[in-house]
Amino acid sequence: MIRIAVLGSTGSIGRSTLEVVARHPDRFQLVALTANRSVGTLGEQVRRFNVPVAVVADETAERPVSTAGVSWASGRSAVLDVAGRDDVDVVVNALVGAAGLEPTLRALSAGHRLALANKESLVAGGELVLRAARAGSADIVPIDSEHSAILQCLRGRDAASVHRIVLTASGGPFRGRNREDLERVQPSEALRHPTWDMGAKITIDSATLANKALEVVEARYLYDLDYDHIEAVVHPQSVIHSFVEFVDGSVLAQLGFPTMELPILYALSYPERVADRALRTFDPVEASPLTFEAVDHDAFPLFGLGVQAGRDGGASPAVFNAGNEVAVQAFLEGRIRFTEMADVVGEAMKRVGDHPVSSVQDVLDADAEARLVTSEAVDAR
Ligand SMILES: NC(=O)c1ccc[n+]([C@@H]2O[C@H](COP(=O)([O-])OP(=O)(O)OC[C@H]3O[C@@H](n4cnc5c(N)ncnc54)[C@H](OP(=O)(O)O)[C@@H]3O)[C@@H](O)[C@H]2O)c1
């Protein structure tokens, strides 16, 4: 029995994780769930799965109706306690944003396998996260479908045999539009993703391609490749989840119809493979045609900005990530235009500048400064 804690169980990845667990009661057991404010949904989940521990991160959220046999707690430190519990084998980090960094570090330091959806924690705290994984002798198994694909293509192969990896990107709802067209797009249009059904923040990141930049940085840390050997290509059908090219020119890819339940199942059961009849069988004829396009850097400048932040290193990826979180929220609230998200993030990156990182506090400070500076840039518009 694999004992699982799900951080962010009420979100899109969290709910998909629970559906996977529900189909394999003989294999997986939920020991703790957390939400930010969705107390009602969390209550339903702990009742449905008989989970003994429930945590609400936001202390100002409504108080839960007491549920027999469930221990309720609240606050950020209670989320950290869940990540570090002794009775857990796998921590699923399905939180959104840099709020996931400290739980990621806590889970790894405790020696738990980290099934990581929260890419922002790896982007913001890259070296620190790898250090915590080494110190805790803990695995990070990605849930992002692209990184899961790469892991599956790489298994059992010598790292020196890899020439490059190519991450696929759906291109989002605005694929093919130019910068001028994008000036007037509304949040409701940006939230309509053509192939994936996800939380609001990652859906906007997919529309701007900031998500793909975060994934490039994530891949750099997960697979220890330098940025010259990590590329992205637009693949609108989201069937090929990524490619790995080896030094002899041979290319492996992992395919499947888009569903997050497959990479979630793989991350929970890794390195085993578990049969799951509920997952849609692949059919190459139905999946056809599979097409590819280059990334349009002019229309989607957040992609280049994010990769540059990764190349700059230090606190720059944390600054990009925090600035982007503020920009996404401001766009969703109608305070800035779609195209202004890149402008305010670029401004924040210039104003905050380079900072070395040697501790979590360095990352948190850079994150806080970037949020402040980006908010000022938003207010100035
Ligand atoms: N959705 C996907 O298909 C997908 C695919 C690949 C990677 N990812 C990554 O997975 C992560 C989660 O994405 P999602 O789409 O599942 O997000 P989501 O639907 O917005 O869910 C986020 C979850 O985290 C909780 N949460 C939000 N802010 C929090 C905070 N400050 N402290 C503690 N808990 C907080 C939310 O609780 P409440 O419900 O109470 O707000 C919810 O349970 C992101 O990093 C995303 O990039 C997602």
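**Group meeting: a ligand shell and the strands beside it**

Hi everyone, let me start with one residue: Lys119 is found in helix 5. Before I go on, please keep in mind that this is a predicted model. So, is Lys119 buried or exposed? Its relative accessibility is 4%, and because buried means under 20%, Lys119 counts as buried. For a lysine on your screen, that is a handy one to click on. While you are there, find Ala98 too: 21 residues separate Lys119 and Ala98 in sequence, and their C-alpha atoms are 8.7 Å apart in space.

Now to the ligand. How many residues surround the ligand? The count is 24, and the closest are Thr10, Arg37, Ser38, Glu120 and Gly199. If you sort that shell by residue type, you get 11 nonpolar, nine polar and four charged residues. For those of you who think in domains, domain 1 (2–143) and domain 2 (147–256 + 281–301) each contribute at least three residues to the shell.

Let me turn to the backbone contacts. Which residues place a polar backbone atom by an oxygen atom of the ligand? Ile13 is one of them, with a polar backbone atom 2.9 Å from a ligand oxygen. Asn36 also has a backbone N or O atom 2.9 Å from an oxygen of the ligand. For Leu95, the distance from a backbone N or O atom to a ligand oxygen is 3.4 Å. As for how covered the ligand is, it would expose 890 Å² taken alone, and the protein buries 84% of that. Which elements give two or more residues to this shell? They are helix 1 (12–23) and helix 5 (119–135), and helix 5 is where we met Lys119.

Last stop, the strands. Take strand 5, residues 90–93, which is covered on both faces. Val90 and Val92 are buried on one side, and Val91 and Asn93 are buried on the other. What does strand 5 pair with? Strand 1, residues 2–7, runs parallel to strand 5, and four bridges join the two. Within that pairing, Val6 has Val92 of strand 5 as its bridge partner. Strand 5 also pairs with strand 6, residues 113–116, again in the parallel sense and over four bridges. There, Val91 has Leu114 of strand 6 as its bridge partner.

So that is the tour: a lysine, a ligand and a strand. Thanks for listening, and I'm happy to rotate the model for anyone who would like another look.

Methods: Residues are numbered from 1 along each chain as its sequence is written. This is a predicted model: local features need pLDDT of at least 70, side-chain atom pairs count only at pLDDT 80 or more; totals for chains, interfaces and linings use all residues. Side-chain values use heavy atoms; hydrogens and water are left out. A residue is near a molecule or strand if one of its heavy atoms lies within 4 Å of it. A polar contact is a pair of N or O atoms within 3.5 Å; within protein, one must be able to donate a hydrogen and the other to accept it, and residues adjacent in sequence count only if both atoms are side-chain atoms. Accessible areas come from the Shrake-Rupley method with a 1.4 Å probe; for residues, only the protein chains shown count as cover. Ala, Val, Leu, Ile, Met, Phe, Trp, Tyr, Cys and Pro count as nonpolar, Asp, Glu, Lys and Arg as charged, and the others, Gly among them, as polar. Domain bounds come from an automatic or database domain assignment. Buried means under 20% relative accessible area, exposed over 50%, partly exposed in between (1.4 Å probe, protein chains only). Two strands pair if DSSP finds at least two bridges between them.
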